[in-house]
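Reader: I am new to this structure and would like a close look at a single part of it. Please keep the answer plain.

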Amino acid sequence: MQIRPLHDRIIVKRVEKVRQTASGIVIPDSAAEKPEQGEVLAVGPGKRLPDGTLLPMQVQVGDLVLFGKYGGQTVKLDDQEYLVLREEDVFGVVEDASQSGRKAA
């Protein structure tokens, strides 16, 4: 089943980080915080402005985005959890330094 978001909404799947300390202790799911990064799976057409023009989305499918810990609405489909966010709830897109042409510091 696929989700087609409406307006300026995006569908994100949270990216899970390794839940293990440097000394090798595994952190249980109940103690771990929800990740604040996710991969964009679907993007709506954009936001409709008061004058009727459509403001296109700045995020694209496949982008890795940062968002607030408690932002968006969690939905569950086919035993998978997804997050529905408005584009304005996204803080930024994580870019790989090698892809952007800039040198990593």
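Which residues make the nonpolar surface patch of about 280 Å²?

Author: The model is predicted, so local features need pLDDT of at least 70 and side-chain atom pairs count only at pLDDT 80 or more, while totals for chains, interfaces and linings use all residues. Residues are numbered from 1 along each chain as its sequence is written, and side-chain values use heavy atoms, with hydrogens and water left out.

The patch is made by Leu 66, Phe 91 and Val 94. A patch takes residues with over 30% relative accessible area (Shrake-Rupley method, 1.4 Å probe) and no salt bridge (a side-chain nitrogen of Lys or Arg within 4 Å of a carboxyl oxygen of Asp or Glu); nonpolar side chains are joined within 5 Å, like charges within 9 Å. Val 94 has a relative accessible area of 35%, which makes Val 94 partly exposed (between buried, under 20%, and exposed, over 50%).

Val 94 lies in strand S8, a strand being a DSSP run of E with at least two residues. An open sheet holds 6 strands in the order S6-S7-S1-S2-S5-S8, with antiparallel pairing; two strands pair if DSSP finds at least two bridges between them. S6 (73–77) and S8 (90–94) are the edges: each has a single partner strand, so one side of each lacks a neighbour in the sheet.

From the S6 edge, 5 bridges join S6 to S7 (residues 80–86), and Lys 76 stands opposite Glu 81. S7 pairs with S1 (residues 9–14) over 4 bridges, where Ile 10 faces Leu 85. S1 is joined to S2 (residues 37–43) by 5 bridges, with Val 12 partnered by Val 40.

Key:
Buried < 20%, exposed > 50% of the residue type's maximum accessible area, 1.4 Å probe, protein only.
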